[in-house]
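This report examines a protein chain by way of its charged pairs, its helix packing and selected surface and loop residues. The sequence and structure are shown first.

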Amino acid sequence: MVRLLAQPGGRPALLDALHRYADALADAEPQTEAFVMCLDPQEANAVWLFEWFASPDGQDQHRASQPFAELVSELSGILAEEPQALPLEPLRMHINYRPEP
């Protein structure tokens with residue numbers, strides 16, 4: 001998980017940058033299996049990211065990708081502080097996915 005804190009009033013710009021980045025993930029980062037953006041209901045300028053990588057290499061490939069480099073560059077003018085990473089080791093996951101017939 002990663003917490004991103006935008007400068008006051010900057011969450012729309014942060015979300016715009018993250019949406020454009022997410023649109024490029026399928027081609028640029030095939031090892032990134034999940035990328036979830038979450039609004040923080042208690043902090044108007046905060047966004048949490050949940051990222052899931054296919055392997056330990058996936059995170060390295062993520063950090064080395066061109067879209068990630070572009071995102072980091074763009075966020076330097078949007079964020080109020082350095083991103084705060086909270087590494088987690090997943091234990092169990094359940095997804096209740098039922099495609100419509």
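The sections below treat salt bridges, helix packing, two loop residues and a surface patch.

The model is predicted: local features need pLDDT of at least 70, side-chain atom pairs count only at pLDDT 80 or more, and totals for chains, interfaces and linings use all residues. Residues are numbered from 1 along each chain as its sequence is written, and side-chain values use heavy atoms, with hydrogens and water left out.

**Salt bridges**

Three salt bridges are found in the whole structure, a salt bridge being a side-chain nitrogen of Lys or Arg within 4 Å of a carboxyl oxygen of Asp or Glu.

| Pair | Closest N to O distance |
|---|---|
| E81 and R3 | 3.2 Å |
| D16 and R20 | 3.1 Å |
| R20 and E74 | 2.7 Å |

The E81 and R3 pair links distant parts of the chain, 78 residues apart, with E81 in the loop between α4 and β4 and R3 in strand β1 (residues 2-5). Helices (H or I, at least four residues) and strands (E, at least two) are DSSP runs, numbered from the N terminus. R3 counts as buried at 16% relative accessibility, whereas E81 is partly exposed at 32%; buried means under 20% relative accessible area, exposed over 50%, and partly exposed in between (1.4 Å probe, protein chains only).

D16 and R20 both lie in helix α1, four residues apart, about one turn of the helix. The side chain of R20 also meets that of E74 in a salt bridge. Because R20 lies in helix α1 and E74 in helix α4, this pair ties together parts that are 54 residues apart in sequence. D16, R20 and E74 are thus joined into one network by salt bridges that share partners.

**Helix packing**

Helix α1 (residues 11-23) packs against helix α4 (residues 66-75) at an angle of about 175 degrees, with the axes 10 Å apart. Axes are lines fitted to C-alpha atoms, for helices over the stretch in contact, and angles run from 0 to 180 degrees between N-to-C directions. The two helices are therefore roughly antiparallel, a term for angles over 145 degrees. Among the residues that make the contact (heavy atoms within 4.5 Å) are L14 and L18 of α1 and F68 and L71 of α4.

**Loop residues**

N45 lies in the loop between β2 (32-39) and β3 (46-53) and counts as buried at 14% relative accessibility. Q31, in the loop between α2 (25-28) and β2, is partly exposed at 23%. Q31 and S55 are 24 residues apart in sequence and 7.1 Å apart in space, C-alpha to C-alpha.

**Surface**

I95, in the segment after β4 (84-85), is exposed at 60% relative accessibility.

How values were computed: Angles under 35 degrees count as roughly parallel, over 145 as roughly antiparallel, 65 to 115 as roughly perpendicular and the rest as oblique.
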